[in-house]
Amino acid sequence: MERSNGKAGPDVVAICARHQASEGPLLPILHDVQAHYGHISDDAIQQIADALNLSRAEVFGVVTFYHDFHREPQRTHSLKVCRAEACQSVGGRDVWAAASAAADSHHADVQLEAVYCLGNCACAPSVQLDGRTIGRMNAQRVSALFARAGTGAAS
Ligand code: FES
């Protein structure tokens with residue numbers, strides 16, 4: 001499936017039609033729209049609302065409730081840094097500071113995001129790069145990771 005430039009088009013209608021007969025179609029539709037476009041635009045929200053006979057506010061509420069739905073196009077790589085207590089107590093603050101500094105100083109195509117527990121507390125501090133969880137992180141390693149991801153060498 002080809003990615004779009006973010007404009008909702010007939011594909012949103014087709015995605016809705018594919019799920020419309022199923023029970024609870026909204027979440028599967030949102031997942032498919034995001035998989036197709038990389039995010040869920042205002043136009044897509046309106047089209048989904050129209051297709052499911054819901055208000056725009058209802059669809060918007062679901063999109064914004066779930067953290068993994070994106071309203072804006074995302075960068076190529078995703079770096080999630082755990083900011084929960086177990087990680088913070090063993091150097092997570094330094095990891096976050098280094099990642100934030102790297103995000104500010106590189107023109108990297110990396111989406112930096114704070115998360116609150118990656119389920120990897122035993123190996124804290126933890127980060128997740130493009131879905132791969134990495135433990136025992138430190139400021140130096142996260143800067144290197146960020147730089148590699150920005151140059152496309154991370155995958
Ligand atoms: S608190 Fe960081 S992985 Fe659980």
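The paragraphs below go through a predicted model of one protein chain, from its overall layout to single residues and the contacts they make.

The protein chain is built from six helices and four strands. Taken in sequence order, these elements give the pattern α-α-α-α-β-α-β-β-β-α. Of the 155 residues in the protein chain, 40% are buried. The surface that the protein chain exposes comes to about 8,600 Å², and carbon and sulfur atoms supply 51% of that area. Contacts within the protein chain can also be sorted by separation along the sequence: among those between residues at least 6 apart, 65% join residues at least 24 apart.

Several of the helices are tied to other parts by salt bridges, and the count of these comes to four. One of them joins arginine 18 to aspartate 32, with 3.1 Å between the closest N and O atoms. Arginine 18 belongs to helix H1 (residues 10–19) and aspartate 32 to helix H2 (residues 26–37), so this pair ties together parts that lie 14 residues apart in sequence. Aspartate 32 has a relative accessible area of 23% and is therefore partly exposed, since buried would require a value under 20%.

A second salt bridge is formed by the side chains of arginine 56 and aspartate 42, at 3.4 Å from N to O. Here arginine 56 sits in helix H4 and aspartate 42 in helix H3 (residues 42–52), so the pair ties together parts 14 residues apart in sequence. Arginine 56 is partly exposed, with a relative accessible area of 33%. Aspartate 42 is partly exposed as well, with a relative accessible area of 41%.

Aspartate 42 also forms a salt bridge with arginine 71, where the closest N and O atoms are 2.5 Å apart. This pair links distant parts of the chain, because aspartate 42 is in helix H3 while arginine 71 is in the loop between H4 and strand E1 (77–82), 29 residues away. Arginine 71 has 24% relative accessibility and counts as partly exposed. Through these pairings, Asp42, Arg56 and Arg71 are linked in a network of salt bridges.

Arginine 71 also leads to a residue in the interior. Isoleucine 40 is located in the loop between H2 and H3, and at 0% relative accessibility it counts as buried. Beyond its neighbours within four places in sequence, isoleucine 40 is in contact with Leu30, Val33, Gln34, Ile45, Val63, Phe69, His70 and Arg71. The C-alpha atoms of isoleucine 40 and glutamate 72 are separated by 7.1 Å, although the two residues are 32 residues apart along the chain.

On the surface, Leu27, Phe65 and Tyr66 make a nonpolar patch of about 320 Å². Phenylalanine 65, one of these residues, is in helix H4 (residues 56–65). Its relative accessibility is 63%, which is over the 50% cut-off, so phenylalanine 65 counts as exposed.

Further along the chain comes helix H5 (residues 85–105), which has a kink of about 85° centred on glycine 91. The buried residues of this helix are Cys87, Gln88, Gly92, Val95, Trp96, Ala98, Ala99, Ser100 and Ala102. A general point about helix geometry helps in reading such a list: an α-helix has 3.6 residues a turn, so residues three or four places apart point the same way.

Strand E2 (residues 110–115) contains glutamine 111. With 24% relative accessibility, glutamine 111 counts as partly exposed. Apart from residues up to four places away in sequence, glutamine 111 touches Gln74, Arg75, His77, Ser78 and Leu79. For one of these, histidine 77, the C-alpha to C-alpha distance to glutamine 111 is 5.9 Å, and the two are 34 residues apart in sequence.

The cysteines complete the picture. The count of disulfides comes to zero. Cysteine 16 has 1% relative accessibility and counts as buried, whereas cysteine 117, at 40%, counts as partly exposed.

Conventions
Residues numbered from 1 in each chain as written. Predicted model: local features only at pLDDT ≥ 70, side-chain atom pairs only at ≥ 80, totals over all residues. Heavy atoms only, no water. Helix = DSSP H or I, 4+ residues; strand = E, 2+ residues; numbered from the N terminus. Buried < 20%, exposed > 50% of the residue type's maximum accessible area, 1.4 Å probe, protein only. Contact = heavy atoms within 4.5 Å. Disulfide = S-S within 2.5 Å. Patch = residues over 30% accessible without salt bridge, like charges linked within 9 Å, V, L, I, M, F, W, Y side chains within 5 Å. Areas by Shrake-Rupley, 256 points an atom, 1.4 Å probe, with all protein chains shown as cover. Bend = angle between axes of the 7 residues up to and from the residue.
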